[in-house]
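I opened a fresh page for this model. I wanted the contacts of one residue first, then the fold around it.

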Amino acid sequence: MYYVDAHTHRLVTDDEVVSLVNIENRSDLPLRDERHVLSYGIHPWYADKEPDEEVLDTVSVIGEIGLDKVKGPSMERQKQVFKRQLYVAKRRQVPVVIHCVRSWQEVCSILSEIGLTMPLLFHGYSSSPQMADDLLAHYNAYFSFSTREMTRKKSVEVMKHIPITRLLIETDDSEESSVRQLYAKVAEILNIQEEELKRVCWENFETFLIKSTQPFDK
Ligand SMILES: [Zn+2]
């Protein structure tokens, strides 16, 4: 059984890990193989750039995309780029990785306006359990947690609160923590065996990716 790293900016070669790798541009497209699923999108911090439409049309997952009130160009510009990429995801019916910092109201109103039914991964989730309930009620929502969230009391609460079928684990841009360490930590938080957590996260990842389109075997 593989470990799943549900969102990372680093290409890690490890026989026991399948990762959703966030790529920056088309030159990274050949990285796709049986252990690296690729995601591409213009991050809100860099929303002054234009997305490469051809790459958006190629990758298995669109993201990470979203809104950030703390960093990046104007909210108006961020919204414009976020929407444009969400429309591609809707047309292609592919899952999306979402980055949201202090912009929940804006993100939710855009998601409702566009009307998305495919899986949405709220990565590095750090909002409240109530917000998680709200997202689950309205969208096909998944939540992933990185080393940053493991130390936050509120995020630990959310991890315990959400249905385990919606949980994923990610290393994001962290250099110091391995996905193995994160699984050990989450297994401890949830008080379950690590093997069980691996099985659950694998199934969640398959469902997130819309099972039928994926070539992997357990
Ligand atoms: Zn990231």
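**Entry 1: cysteine 100**

I started with the contacts of cysteine 100. With its neighbours within four places in sequence left aside, it touches Gly66, Leu67, Val107 and Phe122. I keep in mind that this is a predicted model.

Where does cysteine 100 lie? I found it in strand β5, residues 96–101. Next I asked whether cysteine 100 counts as buried or exposed. I counted 25 C-beta neighbours inside 10 Å, and 20 are enough for the label. So cysteine 100 is buried.

I also checked the distance to tyrosine 125. The two residues are 25 apart in sequence, and their C-alpha atoms are 8.3 Å apart in space.

**Entry 2: the strand around it**

I looked at β5 as a unit. Five of its six residues are buried, so the rest of the structure largely encloses β5. Strand β4, residues 61–68, pairs with β5 in the parallel sense, over five bridges. Leucine 67 stands opposite cysteine 100 in β5. Leu67 is also among the contacts I noted for cysteine 100.

**Entry 3: phenylalanine 122 and the core**

I followed the contact to phenylalanine 122. Beyond its neighbours within four places in sequence, I listed Ile98, Cys100, Leu135, Ala141 and Phe143.

How many residues does the largest nonpolar core have? I got 51. The residues with the most contacts inside this core are Ile62, Val96, Ile98, Leu121, Phe122, Phe143 and Leu168. Ile98 and Phe143 were contacts of phenylalanine 122 too.

**Entry 4: the sheet**

I then traced the strand order. Eight strands make an open sheet, β1-β2-β3-β4-β5-β6-β7-β8, with parallel pairing. Which strands stand at the edges? I found β1 (3–8) and β8 (167–169) there. Each has a single partner strand, so one side of each has no neighbour in the sheet. On average, neighbouring strands are turned by 25 degrees against each other, direction ignored.

I went through the β1 end bridge by bridge. β1 pairs with β2 (residues 17–23) over four bridges, in the parallel sense. Aspartate 5 has serine 19 in β2 as its bridge partner. Threonine 8 has valine 21 in β2. Valine 21 leads on to leucine 38, its bridge partner in β3. β2 and β3 (residues 36–40) pair in the parallel sense over five bridges.

**Entry 5: helix α6**

I picked one helix, α6, residues 153–161. Which of its residues are buried? I noted Ser155, Val158 and Met159. Their arc around the axis is only 105 degrees, which puts them on the same side of α6. A reminder to myself: an α-helix has 3.6 residues a turn, so residues three or four places apart point the same way.

I checked what this buried side meets. The buried residues of α6 pack against α4 (129–138), β7 (141–145), α5 (147–150), β8 and α7 (179–190).

**Entry 6: the whole chain**

I ended with the overall numbers. The secondary structure comes to eight helices and eight strands. The radius of gyration is 16 Å, and the globule rule gives 17 Å for 218 residues. These are close, so the protein is as compact as a globular protein of that length. Its C-alpha atoms fill a box of roughly 45 × 40 × 30 Å along the principal axes.

I logged 37% of the 218 residues as buried. Among contacts between residues at least 6 apart in sequence, 61% join residues at least 24 apart.

How values were computed: Residues numbered from 1 in each chain as written. Predicted model: local features only at pLDDT ≥ 70, side-chain atom pairs only at ≥ 80, totals over all residues. Helix = DSSP H or I, 4+ residues; strand = E, 2+ residues; numbered from the N terminus. Rg over C-alpha atoms; globule rule 2.2 N^0.38 Å. Buried ≥ 20, exposed ≤ 12 C-beta atoms within 10 Å, placed from the backbone. Contact = placed C-beta atoms within 7 Å. Pairing = 2+ DSSP bridges. Axes fitted to C-alpha atoms, helices over the stretch in contact; angles between N-to-C directions. Arc of directions from axis to C-beta. Core = buried A, V, L, I, M, F, W, Y, C linked by C-beta atoms within 7 Å.
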